[in-house]
Amino acid sequence: MKVDSISSLARFILSQECQSIGVLTGAGVSVASGIPDFRSPGGMYDILQPDLLTATPDQRALMKIDPTYVVSWEIFQENQFPYMEVRRPFILGTMRQQWNATIAHRFFELLERKTRFICKRGSIKLTVKSKLTRIYTQNIDGLDHQCHRIPSEKIVDVHGSLSKASCEGCGVAMDISEFCRLVETNIKDIYNLGDGTSTGSSTESKPIFCNHCQRPLVKPTTVLFGRNLPSQFFECVQKDLPQMDLLIIAGTSLVVSPANSLVYQCPKFTKRVVVNHEAVGEDLGIDYTGKGEGRDFFAQGSCDEVFLDLAVELGWLQDLLDDIDMLPPSSAKLLRERTRSTETV
C-alpha cells in the first residue's frame, strides 16, 4: 500500500500490512508543552549565551563556535557548571511536573491502545498484540512516561532522562529530591540574573558532590556528547528493526547519531513517515521525490497539528478529547478548535 497522504497513512496503520510500528521522536513533539527545542530559532543552542556561564575563556570560546559543547563530556569532566546552569530550569521544571504531554505524545498512546490485533501462527491464536512496538525518544523531558497506558519497556530514553540523577564518575545514584534541592540552592539561575525573580538560587555556582566518591560529577542521567548511549537502545534496535513495517520520525532534525541510524537500518519494506516543519534526513537516504521506492512520506507541519489530523482520519478524535484536561494549554486549544470545525462540517 502506498503512503502519500494522511488518509493513506491512516489506512496503512489499520491494515493487515502494518503490524509493527516504531516511533523516533525529537524535541519537536514537546514544543507544544512549552519546552523549547534545541536547534530551531529561539531554541536552547540558538539563544545560548556562554558569557553568562561559569566557564573559562577557552570553554566559552568552544561554546560560541559550537553550542553543543555546553552538554559535552569534554567540558563537563573539567567544569560541571555550564551544563548545570543551562539545565537548571529544566531539572527543576521536571521535578515540579511543569510540563504536560502533548497531542503528539497522546497520539502515540492511542497507537498502543487502539491498534491491537490477534497475532497468529497458522491457525493457532497466540496473543493479542499492539502494533506499537517501540518509542525511541531523544528527549530528556520524560513526557512520554506521562502516558501511563504505554508500557514502560516500550519507551527507550535514547539520551537519558532529567528525572533521575547519578554520578558521571562512579555511577552511584543520588535521590532526585535531594539533587533538585542542591540544584536550586547551589546553581545560579542564569536566566533571571539580577531581576529578583529567582528564588533560592546562589549568585555564584557551587559544586554538587557525589555522596559516594565525593567528586562533583553528579548530574541528571542524560547522555553527554562524547559518552555512550544506554545498552537498551542497541538491544532494542537489533530486536525491533527487522520486523518494522512503519517508522514514524517526528520532530527531529536527524542530525544526532546513532539515534538517526534507525532511518537507514530499517528494512527496505519499512514505510518511513517524517513529521516536521522542514524536510530532513535526505542525507540518510530518505527520498521525498517519490522517484525511488516510494516508501517515504513527508507530513509537513507541527507535530501536534499533523498527529491531530491523523487522529481524525483514524476516528480517534473523541479519545483525544477524553484526555483534554491533561494536555498543555496550546494543545488543548488546538484540539478544541479542531473539534468545533469538525462539528460544523
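**Annotated sites and helix packing in a predicted model**

Leaving aside neighbours within four places in sequence, Cys167 is in contact with Val172, Cys210, Cys213, Leu217 and Val218. The structure in which these contacts appear is a predicted model. Cys167 lies in strand β6. Its relative accessibility is 3%, and because buried means under 20%, Cys167 counts as buried.

Two of the residues that touch Cys167, namely Cys210 and Cys213, also appear with it in a database record. UniProt, in an unreviewed entry, places the feature "binding site" at Cys167, Cys170, Cys210 and Cys213. These four residues are spread over 47 residues of sequence, yet they cluster in space, with a largest C-alpha distance of 8.7 Å.

Cys170 is found in the loop between β6 and β7, the latter being residues 173–174. Cys170 has a relative accessible area of 30% and is therefore partly exposed. When residues up to four places away in sequence are not counted, Cys170 touches Cys210, His212, Cys213 and Arg215. Thus Cys210 and Cys213 are in contact with Cys167 and are also touched by Cys170.

A second annotated position is His159. The UniProt record, again an unreviewed entry, places the feature "active site" at this residue. His159 lies in the loop between β5 (155–157) and β6 (160–167). Is His159 buried or exposed? With a relative accessible area of 14%, His159 is buried, because the limit for this class is under 20%. Not counting residues up to four places away in sequence, His159 touches Thr137, Gln138, Ile140, Thr221, Thr222, Val223, Leu229, Val256 and Ala259.

The discussion now turns from single residues to helices. Two packed helices are described by the angle between their axes and the distance between the axes.

Consider helix α5 (residues 81–95) and helix α7 (residues 176–186), whose axes come within 10 Å and cross at roughly 130 degrees. An angle between 115 and 145 degrees counts as oblique, and α5 and α7 are therefore oblique to each other. Their crossing is left-handed. On the α5 side, Met84, Arg88, Ile91, Leu92 and Met95 take part in the contact, and they meet Phe179, Cys180, Val183 and Glu184 in α7. By class, this contact of α5 with α7 has 7 nonpolar, no polar and 2 charged residues.

Helix α10 (residues 303–314) packs with helix α1 (residues 6–14) at an angle of about 60 degrees, and their axes are 9 Å apart. That angle makes α1 oblique to α10. The crossing of α1 and α10 is right-handed. Which residues of α1 meet α10? They are Ile6, Ser7, Leu9, Ala10, Ile13 and Leu14, and their partners in α10 are Val306, Asp309, Leu310, Glu313 and Leu314. The contact of α1 with α10 has, by class, 8 nonpolar, 1 polar and 2 charged residues.

Helix α10 also packs with helix α6 (residues 103–114), here at an angle of about 35 degrees with the axes 8 Å apart. The crossing of α6 and α10 is left-handed. In α6, Ile103, Ala104, Phe107 and Phe108 meet Cys303, Asp304, Phe307, Leu308, Leu310, Ala311 and Leu314 in α10. The residues of this contact of α6 with α10 divide into 10 nonpolar, no polar and 1 charged. Leu310 and Leu314 of α10 thus meet residues of α1 and also residues of α6.

Definitions and conventions. Residues numbered from 1 in each chain as written. Predicted model: local features only at pLDDT ≥ 70, side-chain atom pairs only at ≥ 80, totals over all residues. Heavy atoms only, no water. Axes fitted to C-alpha atoms, helices over the stretch in contact; angles between N-to-C directions. Helix = DSSP H or I, 4+ residues; strand = E, 2+ residues; numbered from the N terminus. Parallel < 35°, antiparallel > 145°, perpendicular 65-115°, else oblique. Left-handed = near helix turned anticlockwise from the far one by under 90°. Contact = heavy atoms within 4.5 Å. Nonpolar A, V, L, I, M, F, W, Y, C, P; charged D, E, K, R; others polar. UniProt positions renumbered as here; feature names shortened; annotations may be inferred. Buried < 20%, exposed > 50% of the residue type's maximum accessible area, 1.4 Å probe, protein only.
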